[in-house]
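User: Hi! I have a structure on my screen and would like to go through it with you, one question at a time.
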2 protein chains.
Amino acid sequence: MKELKQRSTCPVSTSLDVLGDKWTLLLIRDIVFVGKSTYGQFLQSEEKIATNILADRLAVLEAQGLITKAVAADKKSKFTYRLTEKGLDTVPLIVELVLWGAKHCPTIADPSLLAELQASKDTAVEKYQRLAREKALE
Amino acid sequence: MKELKQRSTCPVSTSLDVLGDKWTLLLIRDIVFVGKSTYGQFLQSEEKIATNILADRLAVLEAQGLITKAVAADKKSKFTYRLTEKGLDTVPLIVELVLWGAKHCPTIADPSLLAELQASKDTAVEKYQRLAREKALE
DNA sequence: TACCTTTGCTTGCGATTTGCAAGTGCAAAG
DNA sequence: CTTTGCACTTGCAAATCGCAAGCAAAGGTA
């Protein structure tokens, strides 16, 4: 069991103890907005995560209850990673990261997604959470 | 000039290149929600940041245009760190961190702040951004 | 049956980053 | 002219990261 040390009782600090690194939220992005679910798919992302870091982060996310690991439906030698409700609750955070990055940094964001988020954050958050939940039932 | 390498053009990834670590958003929390503005005040936080890490993060935040550094009004040998508009735009992110941490982790949050955030995120965000802007004019 | 591929990790190791303690420089106060 | 407060800087050991290679089991192919 991967355990994390809690630096203080402040919710901002404690959230960062779990999510505060360069990779964790990218994995959740891949699950929610790109529809990925397997180790191999995570490795193919543009940012090129190292295999040991990926294995470590998946273990932490599972230990902290943000994702579940299950044998894939199509192949018994594959695993499927899905978000729990605790994991799905990070979607608003990722939405804020999209909006901040798109506004203040040189990035390339899908214009239709951006418009959707700017029109109504809450609606978009609920939509992507619902889509991820539906995928988990396949 | 502290420069960061951009791993991809994705806004989530690029935001994390700047904000994705355990300390950066804690400093912004201290400025916005605790009203801190000097090196010495940042050092006193519960999480106990090391002095070299603090100096490094302040330099990165200034280089990336999230904070400004100015001689303090009361004492010429002191510096005052304030948020720019780019920095203030991370407030929604911190609000989401508060809400996620308070909901899913064993934390101690100010109940009145929590109620305020849950009642209306947007209103609260605007309020704390306004308060931070007003402080910058002192 | 024997071989090859896919998939999901694990291991080794050099490089970078972190955390702790101590020290430095400089302006203002006494 | 010494002391104090503030903002760093430096040294160093420990931890983490990133790259490349290796490994084991499931499943497909011949």
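User: How far is a phosphate oxygen of DNA strand D from a polar backbone atom of B:Phe79?

Analyst: Happy to help, and please keep in mind that this is a predicted model. The contact made by B:Phe79 uses a polar backbone atom, and its partner on DNA strand D is a phosphate oxygen. The distance between the two is 3.5 Å.

User: Which residue has a polar side-chain atom 2.3 Å from a phosphate oxygen of DNA strand D?

Analyst: Let's start from the surroundings: 17 residues surround DNA strand D, and the closest are A:Arg57, A:Lys76, B:Gly40, B:Thr51 and B:Tyr81. For A:Arg57, a polar side-chain atom lies 2.8 Å from a phosphate oxygen of this strand. The residue with the 2.3 Å distance is B:Tyr81.

User: Which helix gives the most residues to the surface near DNA strand D?

Analyst: Both chains take part here. H4 of chain A, along with helix H3 (39-43), H4 and strand E2 (79-83) of chain B, each supply at least two residues of that surface. Sorted by character, the residues are 5 nonpolar, 8 polar and 4 charged. The element that gives the most, with 4 residues, is H4(A).

User: What percentage of the atoms of DNA strand C within 4 Å of the protein are sugar and phosphate?

Analyst: Around DNA strand C there are 18 residues, of which A:Gly40, A:Thr51, A:Lys69, A:Tyr81 and B:Arg57 come nearest. On the DNA side, sugar and phosphate make up this share of the atoms within 4 Å of the protein: 62%.

User: Which residue of chain B places a polar side-chain atom 3.1 Å from a phosphate oxygen of DNA strand C?

Analyst: Chain A has phosphate contacts with this strand too. A polar side-chain atom of A:Lys69 lies 2.9 Å from a phosphate oxygen, and A:Phe79 has a backbone N or O atom 3.5 Å from one. From chain B, the side chain at 3.1 Å belongs to B:Trp23.

User: Which helix supplies the largest share of the surface near DNA strand C?

Analyst: Helix H3 (39-43), helix H4 (51-63) and strand E2 (79-83) of chain A each supply at least two residues, as does helix H4 (51-63) of chain B. The residues of this surface comprise 7 nonpolar, 7 polar and 4 charged. The largest share, 4 residues, comes from H4(B).

User: How much area do chain B and chain A bury between them?

Analyst: The contact involves 44 residues from chain B and 44 residues from chain A. Within the area that chain B buries against chain A, B:Arg7, B:Lys22 and B:Trp100 supply 18%, more than any other three residues. Carbon and sulfur atoms carry 65% of the total the two chains bury between them, which is about 4100 Å².

User: Is A:Val12 buried or exposed?

Analyst: A:Val12 sits in helix H1 (residues 11-19) of chain A. Beyond its neighbours within four places in sequence, its contacts are B:Leu26, B:Arg29, B:Ile94, B:Leu97 and B:Val98. Its relative accessibility is 2%, and because the cut-off is under 20%, A:Val12 counts as buried.

User: Why is helix H1 (residues 11-19) of chain B described as largely enclosed, and what covers its buried residues?

Analyst: Helix H1 of chain B is largely enclosed by the rest of the structure because 9 of its 9 residues are buried. One of them is B:Thr14, with a relative accessibility of 5%; its contacts outside the nearest four places in sequence are A:Cys105, A:Thr107, B:Gln6, B:Ser8 and B:Thr9. The cover over the buried residues of H1(B) includes helix H2 (24-33) and helix H6 (91-104) of chain A, together with helix H2 (24-33) and helix H6 (91-104) of chain B.

User: How many of the 10 residues of H2(A) are buried?

Analyst: The buried residues of H2(A) include A:Leu25, A:Ile28, A:Arg29 and A:Asp30. After the helix comes A:Gly35, with a positive phi near 80°. H2(A) is largely enclosed by the rest of the structure, since the number of its 10 residues that are buried is 9.

User: Which residues of chain A does UniProt list for "domain: HTH hxlR-type"?

Analyst: The annotation comes from an unreviewed UniProt entry. Over the stretch in question, chain A is 55% helix and 10% strand, and the end C-alpha atoms are 32 Å apart. The residues listed in the record are 10-109.

Key. Residues are numbered from 1 along each chain as its sequence is written. Chains are lettered from A and ligands numbered from 1 in the order in which they are written. This is a predicted model: local features need pLDDT of at least 70, side-chain atom pairs count only at pLDDT 80 or more; totals for chains, interfaces and linings use all residues. Side-chain values use heavy atoms; hydrogens and water are left out. UniProt positions are given in the numbering used here, feature names are shortened, and annotations may be inferred rather than shown by experiment. A residue is near a molecule or strand if one of its heavy atoms lies within 4 Å of it. A polar contact is a pair of N or O atoms within 3.5 Å; within protein, one must be able to donate a hydrogen and the other to accept it, and residues adjacent in sequence count only if both atoms are side-chain atoms. Ala, Val, Leu, Ile, Met, Phe, Trp, Tyr, Cys and Pro count as nonpolar, Asp, Glu, Lys and Arg as charged, and the others, Gly among them, as polar. Buried means under 20% relative accessible area, exposed over 50%, partly exposed in between (1.4 Å probe, protein chains only). Contact means heavy atoms within 4.5 Å. Buried area is the accessible area (1.4 Å probe) that two parts lose on being put together, summed over both.
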